[in-house]
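Hi,

Here is the structure I promised to pass on to you. Have a look at it first, and then read my notes underneath.

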Amino acid sequence: MRFLAAPWLGAIFLFAVFPATAQTRAPDAVPAFKTLDSVEARVQGCVTCHGQQGQGTANGYFPRIAGKPAGYLYNQLIAFRNGTRHYPPMNYLVAYLPDPYLKEMAEHFAAQKPAYSVQERPALSAAVVARGQMLVTAGDPKKGLPACIACHSANLMGTEPGIPGLAGLRPAYVVGQLTRWKVGERRAAEPDCMKRIANRLTDEDITAVAGYLALQTPATNASPEPSNLVRMPFACGSQR
Amino acid sequence: MRKSALIALTAGTLAVAAAGVYYFLRPGMLPQNNATPQLSASTQLINKGEYLARVGDCIACHTQPNGVPFAGGRAMVTPFGALYVPNITPDDETGMGLWTSDEFYRTMHSGISRKGELLYPAMPYPQYTQVTREDSDAIYAYLMSIPPVKQKNREHELGFPYNKRDILVGWRTLYFKEGEFKPDPKQSMEWNRGAYLVKGLGHCAMCHTAVNALGGSSEAKAFEGGMIPNQNWYAPSLTSNREAGLGNWTIREITDLLQSGVSHRGTVYGPMAEVVFNSLQYMTDEDAKAMAVYLKALPQKDNSPPPTSKARLISPETMELGRKVYVAQCAMCHSEDGRGQPPAYPPLAGNQSITMETPVNSIRMVLNGGYPPGTKKNPRPHGMPPFSHILNDEEVAAVTTYIRVAWGNTGTPVNAKQVNDLRTLLPE
């Protein structure tokens with residue numbers, strides 16, 4: 001940005017802007033950047049929902065995208081653009097953006113490691129927590145359900161290149177996605193491993209998984225698991 | 001001794017001679033041919049047709065979202081029901097494989113299908129009729145050259161009486177004037193080329209001229225702007241300096257907007273972003289300039305008087321709320337004085353698309369944000385985030401009002417009801 005060429009000028013400007021907003025809105029979800037010709041400035045279209053560094057915002061339905069594998073984020077951006085993943089606000093925003101640019105955006109947010117925002121901890125019965133913990137850490141062999149961590153990694157940071165981290169995702173989002181998978185509204189590349197899993201989950205299972213995930217304290221500064229260490233229990237199209 | 005010396009001398013001479021011969025006759029690199037390879041006539045024709053098909057933006061309607069290009073199937077939702085756009089790949093059974101160039105020209109020029117049916121004017125034949133036979137043949141050659149796709153056309157779903165194509169006879173009498181483009185000898189070659197592209201293949205009038213309840217538009221109102229049916233975006237007037245009239249834009253600003261999607265005066269979003277993405281970014285610099293010359297020269301006529309000061313009356317509280325929201329959310333990119341940081345972030349001060357009579361586009365931008373298209377000349381556009389989840393109806397109305405009247409802008413205030421009506425629509 002030309003008239004903010006000197007960083008100290010920018011600082012004064014930001015200082016002038018933030019006091020007006022700080023009372024009501026988290027400043028990390030307000031447009032702000034240092035250099036006009038930067039990726040940071042170019043992704044300002046994302047920040048009111050996903051936060052300046054992709055950490056997520058107060059609205060529970062907007063997921064944290066920071067630190068998720070770049071391949072996963074790229075696949076989602078392509079799917080939103082092509083309409084194979086359906087969410088009108090996102091479909092509209094990325095409708096006319098070319099592949100290399102979406103890749104750049106994905107890599108930008110994959111490289112971010114902002115602190116996790118304080119989670120509202122859902123009040124759950126001990127039985128629900130136990131069921132959630134079982135599904136996340138051990139799965140349910142009787143239903144042919146592998147553990148979440150078998151693919152999403154033990155620290156819940158996901159696996160390169162295409163398996164997203166679950167750390168820091170809030171129940172509204174997790175329940176929404178698993179339910180959409182179950183009813184066939186969300187799909188991944190074939191073979192769609194998540195579809196097989198969602199088909200085996202009851203609504204109660206979904207609530208338990210989402211609730212248990214929200215109770216976890218995410219590992220700080222952790223990265224997704226490299227793909228060569230993980231053998232998937234179900235074949236996943238996004239891991240080829 | 002002497003004999004062996006002679007032999008040595010001869011051998012030496014021969015060796016030197018051989019080396020000389022080799023030096024002068026060595027193969028070396030093949031001489032470079034810097035002339036551009038001459039393309040065959042049919043290749044040139046197909047290349048030209050591909051270019052013209054892009055100018056005509058055939059792909060936008062004749063391709064289903066995420067579908068095979070030109071294989072059709074896309075639903076065109078109209079106030080009269082849904083039309084399903086046909087397959088124009090050269091498949092013999094389901095596409096245009098058996099069409100002749102005469103039949104193709106009749107469709108483009110007269111809006112009559114191969115079987116002799118009258119076409120619904122969702123196909124822009126009222127504009128394509130201006131296309132020359134030569135250009136129509138080039139597009140035909142290109143379409144015959146693309147891979148055939150077997151995909152059956154879907155029947156239209158129109159309510160009575162619109163499902164009767166006979167009613168189109170009446171519609172055509174009222175709104176269809178057949179005829180190729182006739183150059184105006186009083187104007188420059190460049191102006192004429194621009195007029196041909198804007199009025200013909202570009203089919204700009206399809207959105208930028210108001211459409212009446214019968215889905216018709218009158219020539220007297222050409223380029224005066226209109227709501228795009230079923231999309232709820234307003235296509236601004238190209239003839240009014242109070243809207244998107246380009247009279248006081250430079251040629252460079254117009255070509256930038258058309259080719260790259262951004263300019264120092266404004267940026268394209270929504271349906272126009274799609275047009276730039278699929279079509280205009282591929283225009284040659286010469287054609288873009290010709291279009292700009294024609295658009296800039298369109299006669300400017302303001303049909304409505306500027307708003308009265310009473311219509312522009314705003315309560316101080318609204319203005320203050322709008323200013324607060326602006327400073328907190330918008331000023332970072334558009335700057336406190338509304339000058340923006342063009343072309344990355346468009347100016348709001350003096351921006352006609354913000355002050356024009358209908359605030360629909362501005363409200364939609366505040367609610368849903370938007371990215372301009374990624375184009376050859378601007379592959380990594382800056383974008384605007386949505387604010388629908390952050391600002392309530394009063395705040396959106398106040399900030400939209402603020403940008404419509406601040407910095408000497410001449411717009412009118414917006415109320416919360418107008419915002420709420422648009423909030424319920426899905427972004428597209």
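Chain A is assigned two domains: domain 1 covers 2-110 and domain 2 covers 126-239. Where these two meet, domain 1 of chain A puts in 14 residues and domain 2 of chain A puts in 19 residues. On the domain 1 side of that contact, you'll find four nonpolar, seven polar and three charged residues. Keep in mind as you read that this is a predicted model.

What is chain A built from, helices or strands? The count is eleven helices and zero strands, so to speak a plain run of α-α-α-α-α-α-α-α-α-α-α when you follow the sequence. Of its 240 residues, 44% count as buried. I also looked at contacts in chain A between residues at least 6 apart in sequence, and 66% of them join residues at least 24 apart.

Chain B has a domain assignment as well, with domain 1 at 41-177 and domain 2 at 316-423. The centres of those two domains of chain B, taken over C-alpha atoms, are 38 Å apart.

Now for the place where the chains touch. How many residues does each chain bring to the contact? Chain A brings 32 residues and chain B brings 33 residues. On the chain A side, five helices supply at least two residues each: H1 (7-22), H2 (39-42), H3 (47-50), H5 (88-93) and H6 (99-110). H5(A) gives the most, with four residues. Sorted by class, the side of chain A that touches chain B has 20 nonpolar, eight polar and four charged residues.

Last, the insides. In soluble globular proteins, nonpolar side chains tend to be buried together. Here the largest nonpolar core has 110 residues. Which residues have the most contacts inside that core? They are Leu73(A) and Ala106(A) from chain A, plus Leu258(B), Met291(B), Val396(B) and Val399(B) from chain B. Try clicking on Met291(B): setting aside its neighbours within four places in sequence, Met291(B) is in contact with Gly194(B), Leu197(B), Val198(B) and Leu258(B). Apart from the largest core lies another one, of 26 residues, and its members include Leu135(A), Val174(A), Ile206(A) and Ala214(A).

That's what I have so far. Shout if anything is unclear!

Cheers

How values were computed: Residues are numbered from 1 along each chain as its sequence is written. Chains are lettered from A and ligands numbered from 1 in the order in which they are written. This is a predicted model: local features need pLDDT of at least 70, side-chain atom pairs count only at pLDDT 80 or more; totals for chains, interfaces and linings use all residues. Domain bounds come from an automatic or database domain assignment. A nonpolar core is a set of buried Ala, Val, Leu, Ile, Met, Phe, Trp, Tyr and Cys residues joined through C-beta atoms within 7 Å. A residue is buried if 20 or more other C-beta atoms lie within 10 Å of its own, exposed if 12 or fewer, and partly exposed in between; C-beta atoms are placed from the backbone. Two residues are in contact if their C-beta atoms, placed from the backbone, lie within 7 Å. Ala, Val, Leu, Ile, Met, Phe, Trp, Tyr, Cys and Pro count as nonpolar, Asp, Glu, Lys and Arg as charged, and the others, Gly among them, as polar.
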